[in-house]
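Please read the following account with the sequence and the coordinates side by side. The text moves from the whole chain to particular elements and contacts.

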Amino acid sequence: MAVHSGQEVKLATEGNRLTVDIPAASIAGSGTLTALSVTDSAGVEGWKIALSGEAKLVGPATLGFKHDFAKGEPAPLVTSTEDGTTLTAADGVIVEGNIAVVTTTHFSTWFTMWWNDVLDKARARMDKFYAGTGKAPSCTDEAKAKQKGYKVTSDSGSRVYWCLGLDGSGAPQLKVTNARGYFVGAESSPGITPQESGANDLIAIVSNIIKERPSLAGNTVTLVGPGETVQYKITGSGQSGVRVQPSVPGYLVTAAQYAVDTLGEVLGRMGKGGMKKGALESLFDWESCLSGYSSMMTAKVETARQATTYFDDAVGTTLGCMEKAIGKAGLGFIGTTIASGISWLVSGVRTAMNGFGAAADTALNPSGYTIYVTAPTTIASPATAPPVVTAPAGFPAALSGTWCTKSDPNNCFSAAELVAQHQGAFVADTFKPDALGTTGYDICVEPDSNKTCDMAGTMLIEYFPAGVAWNCVAVEVKQKGWPTCNPDFTSAHITSKARIVILPNHQQDSVYHDTEPMYRR
């Protein structure tokens, strides 16, 4: 468009996406006014506005940027650049209807960051939380692992994938893949050791601030990202296991990663595109950021609704830390312009998360998935083998010998004596007790003519291999929902020693009745 001194100028691009208004007093000389649509290296669209010829801008001009504003959406961040690198934020951006208006005394290349565009991108990333991910891992020599005597059982469902085979050295190896769209905790008992996972710097950073505690001493918890696989080495004999379960720390790491990705999107629209994830992560002051969330770390997440609430809070907490991160990126000049936008963004993300409703409840359901690995019993060499104590025919070697409580040496159990007193007694079945890494034996003491027992004629024994801990409150109260353990024999368990516990046939009281462990004498 041609311009001349003393003549008012009104330029409008197609669809009025951009308007340029120059009062007559703000033009000196004659020339041409142009407004060209441009795109920067990060794909952000803008406008290159220029005067050519003898024309000069000698006073204020008004720029209008058209936008379909969402409800409550704050004014955009409007920036300009002379050299294509250094951005300057416009002061006093006002919204008039569907136009963001800026007054300027110079023309250059201008960019607008619309908060609803950022929110749309954030919503799209959110879909991944609630969608399944990953694929079943593959293991070599699965058949050979079975031939060696390794057995695997697991819960049903498609939230975890696994396989058991042999590694390159011929040692047994379990691979476990998290099929959820967010980080979960994988707790393994002694005898099954994590070797490899997709752990990243962000997990290390957050884990140093907020620890993921195992339910039992001696167990190990590994945070596993969406679609990632952990490899475990089977080092023990007997039964060991891995329980994969959503957790508050897992929700927090997921939310932290989401905030990092959102920050990358925002910075890309501010001329800071192309930053690597490690650099983005380092912009957050995680310790200060997560201090308000630390009180939730001891929370017990029992329902899908609670899980959704904690996850929403985690996302809100980490997104709220973006303002300081943007300042650390060298964009502190933006000031309050960014504060109102981030506040609106956090609110919009929370609203979007609540909108997922039942889908979120299903995806974030905190129920766990357990994999049990039974390894063949290791036989000691003749030179170091201890005296052999055999169990009666049909009874496992784990129950051989005589077992007594520490508090009363005369309170004992012996499978051999049981069979001598009840000649028809036999092990009817095995079961999965509440404690990970233990084995339960259902002993039919007084079988009927059909060789079956009712509950009154049954003895339930739980075997704890050496290295497997017990914590009644952690398992029965926090995981199973009992109000308390009374009595609680946690302190009577010596983790370094094998133990058995004779379980009550029924738990009919309002509290959980723990049982004193017995040790082989």
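What follows is a guided reading of this structure, from its overall make-up to single residues.

The structure is a predicted model, in which local features need pLDDT of at least 70 and side-chain atom pairs count only at pLDDT 80 or more, whereas totals for chains, interfaces and linings use all residues. Residues are numbered from 1 along each chain as its sequence is written, and side-chain values use heavy atoms, with hydrogens and water left out.

The protein contains 12 helices and 29 strands, where helices (H or I, at least four residues) and strands (E, at least two) are DSSP runs numbered from the N terminus. Of its 521 residues, 46% are buried, a term that stands for under 20% relative accessible area, with exposed meaning over 50% and partly exposed the range in between (1.4 Å probe, protein chains only). About 24300 Å² of the protein is exposed, and carbon and sulfur atoms supply 50% of that area, as computed by the Shrake-Rupley method with a 1.4 Å probe. Among contacts (heavy atoms within 4.5 Å) with a separation of 6 or more, 72% involve residues 24 or more positions apart.

One place to begin is an open sheet of 6 strands, which has antiparallel pairing and the order β1-β5-β6-β13-β9-β10; two strands pair if DSSP finds at least two bridges between them. Its edge strands, each paired on one side only, are β1 (2-3) and β10 (88-89). Within this sheet, β6 (residues 45-53) runs antiparallel to β13 (residues 109-113), with 3 bridges between them, and Lys 48 has Thr 109 of β13 as its bridge partner.

Thr 104 belongs to strand β12 (residues 99-104) and counts as buried because its relative accessibility is 3%. Leaving out residues up to four places away in sequence, Thr 104 touches Leu 57, Gly 59, Pro 60, Ala 61, Leu 63 and Trp 110. One of these, Gly 59, is 45 residues from Thr 104 along the chain, and their C-alpha atoms are separated by 8.4 Å.

Another group of strands is centred here on β26 (residues 439-444), which is mostly covered, with 5 of its 6 residues buried. Strand β25 (residues 426-431) pairs with β26 in the antiparallel sense over 5 bridges, and Phe 426 has Cys 444 in β26 as its bridge partner. Strand β27 (residues 458-464) also runs antiparallel to β26, joined by 6 bridges, with Thr 439 opposite Tyr 463.

The discussion now turns to the interior. In soluble globular proteins, nonpolar side chains tend to be buried together. Here the largest nonpolar core (buried Ala, Val, Leu, Ile, Met, Phe, Trp, Tyr and Cys residues joined through side-chain atoms within 4.5 Å) has 75 residues, of which Leu 174, Met 270, Phe 284 and Val 349 touch the most other members. Helix α4 (residues 248-268) gives the most to this core, with 11 residues. A second, separate core has 25 residues, including Val 9, Ile 22, Leu 33 and Ile 49.

Helix α4 is itself mostly covered, since 19 of its 21 residues are buried. From its first C-alpha to its last, α4 reaches 30 Å, close to the 30 Å expected at 1.5 Å a residue, the expected span being 1.5 Å times one less than the number of residues.Tyr 258 is among the contacts of Val 349, which, leaving aside neighbours within four places in sequence, also include Leu 119, Ala 122, Met 126, Val 315 and Leu 319.

Ala 352 lies in helix α9 (residues 336-355) and is buried because its relative accessible area is 16%. Not counting residues up to four places away in sequence, Ala 352 touches Arg 123 and Met 126. Ala 352 and Met 126 are 226 residues apart in sequence, yet 8.7 Å apart in space, C-alpha to C-alpha.

Aromatic rings give a further view of the packing. The count comes to 10 aromatic pairs, with rings of Phe, Tyr and Trp (its six-membered ring) pairing if their centres lie within 6.5 Å, and planes under 30 degrees apart counted as stacked, over 60 as edge-to-face and the rest as tilted. Phe 69 and Trp 114 form an edge-to-face pair, 5.6 Å centre to centre with 90° between the planes. This pair links distant parts of the chain, 45 residues apart, with Phe 69 in the loop between β8 (61-66) and β9 (77-81) and Trp 114 in the loop between β13 and α1 (115-130). Phe 69 counts as buried at 19% relative accessibility, and Trp 114 is buried with a relative accessible area of 8%. Elsewhere, ring pairs link Phe 129, Tyr 182, Tyr 251, Tyr 258 and Phe 311 into a cluster.
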